[in-house]
Amino acid sequence: MINKLRKRVIIYTVGAVTLVLILLMSVINIANYVDKDRRAEEILYYLAENGGDFPKHMKPDFKGGETPPGWEEGERPPVIEEDGFHSPRDMTEETPFETRFFSLTLKEDGTIKTINTGKIAAVSSSEAAEMANRAVAKGKTTGYDGKYKYLIYDNDGETIYVFLDCTRDLASVDSFLRISILVSLISLMAIALLVVLLAPRMIRPIAESYSKQKEFITNAGHELKTPMTVIKSCTEVIEMQSGETKWTEGIKEQVKKLSDLTTHMVALAKMDEGTGNLPLEEVDLSKLVNDTIEGFCLEAELQNRVIEKDIEDGIIIKGNTTLLSELISILADNALKYGNQDKPIRFSLSKTGKKIILTEENYAEGLTVGDQDRFFDRFYRGDTSHNSEVTGSGIGLSMARSIVEAHGGTITAESPDGNRIIMTTIL
């Protein structure tokens, strides 16, 4: 139990950190890419609005409508922020020399007016024309052609195609992505190591409380055996002296119920300790299921009920014979106690691949459609169990789940129609 809790703490903590890192790195890298992309788009618009090139006398860092330093009063700068013009962020006098681009200008009739490849050495005039045709074929005014971002801009009847070399920006985005992934992985491994080392301390109060609880249950179980034995002996003496009465029968019945409850509680506490000392052997599960259910057939006949079996022969499992027999007994006893008296009980055992599937099905009242896994909670008893004629402590199915988990399996309960309960054990 404690080992499972420690594993869950580690898994959930590392999982949560992983999710946060993935979201954080995704946001940061997307923001970085978007920032680079917008920067490239600003430059493209800047170039397009200036006829496909940087202005020769560019004066950066001025506000629209103002006369920048070095300009005569009333002289209008070639690029301003008003009337649809764009001014790139962080524009400096070195920007034209750092930027690699080429442009084409087409007349109204579609013929090429000019091709400007003076600011790039990797693209010839013919290649520039081909890239412009590909851009037109894509049907978008802006986008990427390999490492080049392009813009198609209409300017007084002419069409300007501007292509910006984004090799450095894309390489920067890729490098940032790689570094962020590497840093995230290193951080995740460091956090996972710390969680593994600190998990025992994190759950220590729970482990101590749980250990004291198990110790109390075990000690109480042993301590209760003596007074229950004395009560039973005294009751038998009274019966020998005065004969059996409904009072002595009631005492013996309650003593037996208390004894069974104590035994189950102690057994459940021991099973919660883990499977390290659980003796395992080759078990013919088909024979075990048949033989165990056969022991309940007589009780079923007394209730005018039928237990139907569909058991596949030759199914072998490595497990504990005593506990597996107890599991089958719990399922059969639970069906006889809480199932409808006039309906059959069905058991089936089959093997699919490596999975062994044991199914118990019976009819019952007061069910809701869907999962009924609350039946496996300790001391839980369904509404039908409130009948005083039905004895039980509400921990039988909890023991069944512990037995299944001790064998590395799962057990579930489901009501497909509100009239039947199907308990499926997968080993």
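## Two helices side by side

Let's start with a helix pair: α1 and helix α4 (residues 167–202) pack with their axes 9 Å apart, at an angle of about 165°. Angles over 145 degrees count as roughly antiparallel, so α1 and α4 earn that label. As for handedness, α1 passes α4 in a right-handed crossing. Keep in mind that everything here comes from a predicted model.

## Aromatic pairs

How many aromatic pairs does a search of the whole structure find? The count is six. One of them is Phe54 with Phe101, an edge-to-face pair with 5.6 Å centre to centre and 75° between the planes. This pair links distant parts of the chain, since the two residues are 47 residues apart. Phe54 sits in the loop between α1 (2–49) and α2 (95–98), while Phe101 belongs to strand β1 (residues 101–106). Are these two rings buried or exposed? Phe54 has 7% relative accessibility, so Phe54 counts as buried. Phe101 comes in at 0%, so Phe101 is buried as well.

Next up are Tyr150 and Phe163, which form a tilted pair: 5.7 Å centre to centre, with 40° between the planes. Tyr150 lies in strand β4 (residues 148–155) and Phe163 in strand β5 (residues 158–165), so their pairing ties together parts that are 13 residues apart in sequence. Both Tyr150 and Phe163 are buried. They also belong to a bigger picture, a cluster in which ring pairs link Phe102, Tyr148, Tyr150 and Phe163.

## A lysine over a tyrosine

Which ring does the charged end of Lys343 sit over? It's the ring of Tyr363, and the charged end is 5.3 Å from the ring's centre.

## Cysteines

If you're wondering about disulfides, the count comes to zero. A disulfide is a covalent bond between the sulfur atoms of two cysteines. Two cysteines can be looked at for their surroundings. Cys166 has a relative accessible area of 2%, so Cys166 is buried. Cys234 has a relative accessible area of 43%, which means Cys234 is partly exposed.

## An asparagine with a positive phi

Most residues other than glycine have a negative phi. Asn304 goes the other way: it is not a glycine, yet its phi is positive, at about 55°. Where is Asn304 found? Look in the loop between α7 (285–302) and β7 (307–311). With a relative accessible area of 71%, Asn304 is exposed.

## Two strand residues and their partners across the sequence

Lys318 is part of strand β8 (residues 316–319). Its relative accessibility is 57%, so Lys318 counts as exposed. Along the chain, Lys318 and Leu285 are 33 residues apart, and their C-alpha atoms are separated by 9.2 Å.

Then there's Leu358, in strand β10 (residues 355–363). Is Leu358 buried or exposed? The relative accessible area is 7%, so Leu358 is buried. Leu358 and Ser286 are 72 residues apart in sequence, and in space they are 10.0 Å apart, C-alpha to C-alpha.

Notes:
Residues numbered from 1 in each chain as written. Predicted model: local features only at pLDDT ≥ 70, side-chain atom pairs only at ≥ 80, totals over all residues. Heavy atoms only, no water. Phe/Tyr/Trp six-rings, centres within 6.5 Å; stacked < 30°, edge-to-face > 60°. Helix = DSSP H or I, 4+ residues; strand = E, 2+ residues; numbered from the N terminus. Buried < 20%, exposed > 50% of the residue type's maximum accessible area, 1.4 Å probe, protein only. Lys NZ or Arg CZ within 6 Å of the ring centre and 35° of its normal. Disulfide = S-S within 2.5 Å. Axes fitted to C-alpha atoms, helices over the stretch in contact; angles between N-to-C directions. Parallel < 35°, antiparallel > 145°, perpendicular 65-115°, else oblique. Left-handed = near helix turned anticlockwise from the far one by under 90°.
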